[in-house]
Structures are given as C-alpha cells and as structure tokens.
Amino acid sequence: MPLMPVITAWMIDLAIDGGPERMMWLSIYAGILVGLWALNIPAHTLYFSQLSHITRSIGRDLRVRICRQLQTLSLLFHYRTSVGKLHSKAIRDLEIIEQAPFLIFDVMLNFMISVTIAFIAIWLTAPAALLFFLIAVPISAVIRFGFYRILNKRVEQLRSSIETMSGSLNEMLKMIPVTRSHGLEQDAIDRIEPQIEHVYTYGRRFDVTRALFGSSTFATMNILQVLFLAGSIYACFNGYITVGAVVMFNSFFLILSAQLASAMNTLPQIIQARESLHSISEILAAPETEQNSGKNPFGPVKGAFELKDVTFRYPGTDVEALSGISLSVDPGEAIAFVGDSGAGKSTMLSLLLGLILPDSGRVLIDGYDIREMDLRTFRKQVGVVSQDVLMFSGSVYDNVVFGSAEVDEQAVWQALEQAGAAQFVSQLPDGLNTQLGDQGVRLSGGQQQRLSIARAIIRDPQVLILDEATSALDQETEAYVQESLNQIMQNRTTFIVSHRPSAIQNADRVIHLESGRITDAKENHCVLGH
Ligand code: ADP
C-alpha cells in the first residue's frame, strides 16, 4: 500500500487547512483507503495462489526429474554417492530452491512496486527528497558486495556439512543392528558427533554473518531515514514544506528504508538457493547415466551370452576387477562362478546384467552388443535373487508380483510353493494381503529370501541370476528350495554364485575366478537333476 502515505498526508493537511469542503474530501480519502485495504484481501490471496502454483510446480517437476535421473544413473554413480547425501540434496536443497521464487517474487515485486510509486510520488511532490535514493542505493550496493563472498562461503560450508552429516547418519542407522550387538554404541556416537559439531559450527557462522549483514543493512537504512526526517523537519521550519509533507516524506523514507533492507536481506537466501541448485545439479547433470532410450529393444530373450576379452576396473581403483574374460554361454546353460571373496564374482553378475559396461572387450546377449541395446527390455526378462533381499512397504502379494503385470493369486501361491514360502505365508495374519515393511509384519532373513525367490519365479524369466540365493536358509529349507530351483533352472540360462556346494552341484559348468581372471573352467560332472 504505497499510496497510503500520499493519501494520509492529504488527510492531515485537511485538518490543518481543509477549507469548506473538508468533510467531503475526508470521506472520499477515508473511503479510498478503506476500499483499497479491503481489495487487498482477494488481490493478495489470488497473487499468492498464483505464486504458489509456480513455485510448487517447480518443486514438483524438480523432484520428479531427480527421481527419474536417480533411476537412470548407472550403479557406478550410486556406488560412489552415499544415500544420505542424495537424501539431503533431494529433500533439503529442493526445499530451499522451492522457497526461492516466493522470496524473489514476493520481496522483489513488493520492492519494485513500492519503490516505483514512492519514486513517482516524491518526484511530483518534492524531487529534492530523491536524494535519499541517490545516497541509499550506492550504500546498499557497497554493503551487498562487501558481504557477498563471505556469505557465499558460509552457505557452501553449511550445505556440505549437512550433506556429510546426512551421509554419516544414514550409515549409522544402517549399522545399528551391528553396533548394538557388539556394544559399540558410544563408538558410533563418537564417529558422528564431530559431523554434528561441524553442522553446528558452520550453521552458527552462517547465522552470525547473516545477522551482521542484516543488521548492517537495517541500521544503515534507519540512520539514513532519521537523517532525512531531520532534514525534512528543518525544511518545514523554514516554510519550504507543510507538516503533511513531512509526514508523507517520513512515511516514504520508512517504506524505502524498510523495502531496501528487506530486499537486501533476501541475499543470503538467494545465495543459499543458488548453492542448492548447484548441489542438485550434481545429480541432474551427472554424466554416468545409462542411455537406453532410442536403442534397440530386445524381443524375447533366448539367453545366449558371449564375453569377448572383457576388462573392467571400478573408477577410482587401480586394480582390474575383471581382466581378459572370455566366455561363451549357450541358452539354457547353468554356469556357477566360484572364487575367493574379491575375486570378481559380483562384478561378473553386474556385467552380465549390463549394470556396468566393460572398459574394453564386448558383451553380447543373443549376439547383440549390450552397448547398442535398450537393456531395460532385457532385464525385464531376467529373474535376480541376491543375498541382499529388499522388501518394500506393501503386501506380500505386491512384493512377490513386484513390477510384473497383474498376476492371479493362484500363480502367486504356486510360486510361493516352489520357493518354499507357501506355508509361512498362509500362517501370516492376512495371508497374501499381510502388510510388510515399517508398519507391517517383519519377516526373518530366510523368509524374505524365499519371497524374493518367488518374486524371481513369477516373472518366468529366461535368464536367472542366483547370487547367494539360498544363503539365509536353514539346511532343510535350503534342500527343498534348491530342489525347486533345479526344476526352474531347466531350459533357462542361469548364473549362480554360491558358497553352498548343493547350489553349485547343479551347474553345467563351474568357472573359477581369481583376482578378476578365469583360472579354471570345467564341465561339472556331478550335475544333479540336469
Ligand atoms: P566377489 O563378488 O568375488 O567377492 P567383487 O566382484 O565384489 O568380488 O569384487 C571384485 C573387485 O572389485 C574387488 O577387488 C573389489 O574390491 C572391487 N570392487 C567391488 N565393488 C567395487 C566398487 N563398488 N567400487 C570399487 N571397487 C569395487
């Protein structure tokens, strides 16, 4: 309401020297002011609702883009970036970015409208008062530039300390079962405490710098305003301006100084938003995306694999995780990889899934080079059972069917039967509809593993990857599940990594890996059930 001081000055002047029609003018002025304030309600609500639409849409679109990008980034990106850091970027940084347009539009728009109207009004009534501008603007600029670099540094330090702490917090949470069972609570706290301390220190430094900046701006503007008030009263003493004009000037100076101060005070937030934008661009602009779109899709996969002199090294390491690997696998064959830990078995499975690409050499699936194919269409036809079983919050049914089209309950029960899980599922409170996860039933490691086997079976995949698939099962259940797996493996290409002799026994070939090389590959003569 920058018109307020102008009309108020006219009203005050009416009291001093209003003439015969002063009652009429008083009513008109009061009516205008009341009307303008009443209009403010719908106007402000509409304006804010539009602004909120813009800012919330930016937030929503960025969130969706981040999730999409996280799903496209290769596993190598995920290996080197901690979940906690990603979490901090996706939650905290995004919130800061989402708030920024509110600030920029609201404060800046307000600033521009008020300052323009004040400027015109002063120009028309007393151009000499524009001196305030001439002095206040360069002073603001000096303060702004003086603080810019230091604020920038403080914001960066604070953000990166929060990210680091978030990473450690995530790790601490993941480690809680191990920590507690070894009585290492204090060690865990000692490890994270310095990071919390950093957040405190950098948070304090940022706050103090911001306070110093804010108060310098605020005090300077108010001092200027007092000086200008004194000047205008002096002008009134000498009869240059009326008392009403003094009140008007003072109101203008108050508006101008407050607007300038609040516009300046958005600087720390704008710097924060820019820093957060930079932070999420580490996800959005990360180069390690898996490029699938536009590539050739797989039709029904037969399951022939050919590795030609493949070498792979994890970025940032000196040793080759796989070196000079050549291997040819026919459709329907079962291959077991054995070797000491660190020999390259998991890397091999990641390579066969196309989750990592060879540094040199080629990987062909059904004769097609994986670099040229849309690997999502291949992976849809693969069943993977790994030792790290992951269940999400949802029913048993949802967890087993996961990503497959509608499957009828009978098929789910059959898969559960084959995975040795039917009995315990039928004993759950709601059977297939029992909720798992945070709010639901907690299953044992072995039970989860059996559900994950059922999850692979129900996809009826042409390629099966069994990475320590039965490691969490007791001997009796394992024998039963293994027997089912032997049946399922028939006519499907299967890759097995297991410490259990019973799992390896059923492979057609056993391939020994040592330090990323194949040292021995032989036909398995004790194949059972094949
Ligand atoms: P295995 O499954 O036989 O235990 P891996 O395939 O996990 O062996 O590891 C092979 C080699 O690659 C090891 O030297 C290991 O340290 C290294 N390696 C595995 N995963 C990563 C990773 N994400 N980043 C860097 N190096 C890794």
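**Exercise 1. The surface and overall form of the protein**

Task: State what area the protein exposes and which atoms supply 59% of it.

Solution. The protein exposes about 28100 Å². Carbon and sulfur atoms supply 59% of that area. These values, like those in the exercises below, are computed from a predicted model.

Task: Determine how the radius of gyration of the protein stands against that of a compact globule of 530 residues.

Solution. Begin with the reference: a compact globule of 530 residues would have a radius of gyration near 24 Å. The protein, by contrast, has 35 Å. Next, consider the extent of the C-alpha trace, which spans about 115 × 55 × 50 Å along the principal axes. Finally, turn to the interior: 44% of the 530 residues count as buried.

**Exercise 2. Secondary structure, contacts and charges**

Task: Give the numbers of helices and strands, and describe the contacts between residues at least 6 apart in sequence.

Solution. The secondary structure comprises 16 helices and 14 strands. Of the contacts between residues at least 6 apart in sequence, 75% join residues at least 24 apart.

Task: Find how far apart the mean positions of the positive and negative charges lie.

Solution. The protein has 41 positive and 52 negative charges. Their mean positions are 7 Å apart.

**Exercise 3. Aromatic pairs**

Task: Classify the pair formed by Phe298 and Tyr368, and explain which parts of the chain the pair ties together.

Solution. A search of the whole structure finds 15 aromatic pairs. One of them joins Phe298 and Tyr368, with 6.0 Å from centre to centre and 80 degrees between the planes. An angle over 60 degrees counts as edge-to-face, and the pair is accordingly edge-to-face. Phe298 lies in the loop between strand 1 (296-297) and strand 2 (305-312), while Tyr368 lies in strand 6 (residues 368-369), so the pair ties together parts that are 70 residues apart in sequence. As for burial, Phe298 has 9% relative accessibility and counts as buried, whereas Tyr368, at 45%, counts as partly exposed.

Task: Carry out the same analysis for Phe305 and Phe378.

Solution. The ring centres of Phe305 and Phe378 are 6.1 Å apart and the planes stand at 65 degrees, so this pair is edge-to-face. Phe305 belongs to strand 2 and Phe378 to helix 10 (residues 375-379); therefore the pair ties together parts that are 73 residues apart in sequence. Both Phe305 and Phe378 are buried. The two pairs can then be placed in a wider setting: ring pairs link Phe298, Phe305, Phe337, Tyr368, Phe378 and Phe495 into a cluster.

**Exercise 4. Two helix residues and their surroundings**

Task: Decide whether Phe253 is buried or exposed, and name the residues in contact with Phe253 beyond four places in sequence.

Solution. Phe253 is part of helix 7 (residues 243-265). The limit for a buried residue is under 20% relative accessible area; Phe253 has 2% relative accessibility and therefore counts as buried. Beyond its neighbours within four places in sequence, Phe253 is in contact with Ala129, Phe132, Gln225, Phe228, Leu229 and Ser232. For Leu229, which is 24 residues away along the chain, the separation of the C-alpha atoms is 7.8 Å.

Task: Describe Gln482 in the same manner.

Solution. Gln482 is located in helix 15 (residues 475-489). With 5% relative accessibility, Gln482 counts as buried. Apart from neighbours within four places in sequence, its contacts are Thr470, Ser502, Ala503 and Asn506.

**Exercise 5. Residues in loops**

Task: Locate Gly339 and state its contacts.

Solution. Gly339 lies in the loop between strand 4 (334-338) and helix 9 (345-352). At 26% relative accessibility, Gly339 counts as partly exposed. Not counting residues up to four places away in sequence, Gly339 touches Lys345 and Leu513.

Task: Examine the phi values of Asp366 and Ser515.

Solution. Most residues other than glycine have a negative phi. Asp366, however, has a positive phi near 50 degrees, and Ser515 has a positive phi near 45 degrees. Asp366 is found in the loop between strand 5 (360-365) and strand 6, and Ser515 in the loop between strand 13 (509-514) and strand 14 (517-523). Asp366 is buried, with a relative accessible area of 18%, whereas Ser515 counts as exposed at 59% relative accessibility.

Methods
Residues are numbered from 1 along each chain as its sequence is written. This is a predicted model: local features need pLDDT of at least 70, side-chain atom pairs count only at pLDDT 80 or more; totals for chains, interfaces and linings use all residues. Side-chain values use heavy atoms; hydrogens and water are left out. Helices (H or I, at least four residues) and strands (E, at least two) are DSSP runs, numbered from the N terminus. The radius of gyration is taken over C-alpha atoms; the globule rule is 2.2 Å times the number of residues to the power 0.38. Buried means under 20% relative accessible area, exposed over 50%, partly exposed in between (1.4 Å probe, protein chains only). Contact means heavy atoms within 4.5 Å. Accessible areas come from the Shrake-Rupley method with a 1.4 Å probe; for residues, only the protein chains shown count as cover. Lys and Arg count as positive and Asp and Glu as negative; His and the chain ends are not counted. The place of a charge is taken as NZ of Lys, CZ of Arg, CG of Asp or CD of Glu. Rings of Phe, Tyr and Trp (its six-membered ring) pair if their centres lie within 6.5 Å; planes under 30 degrees apart count as stacked, over 60 as edge-to-face and the rest as tilted.
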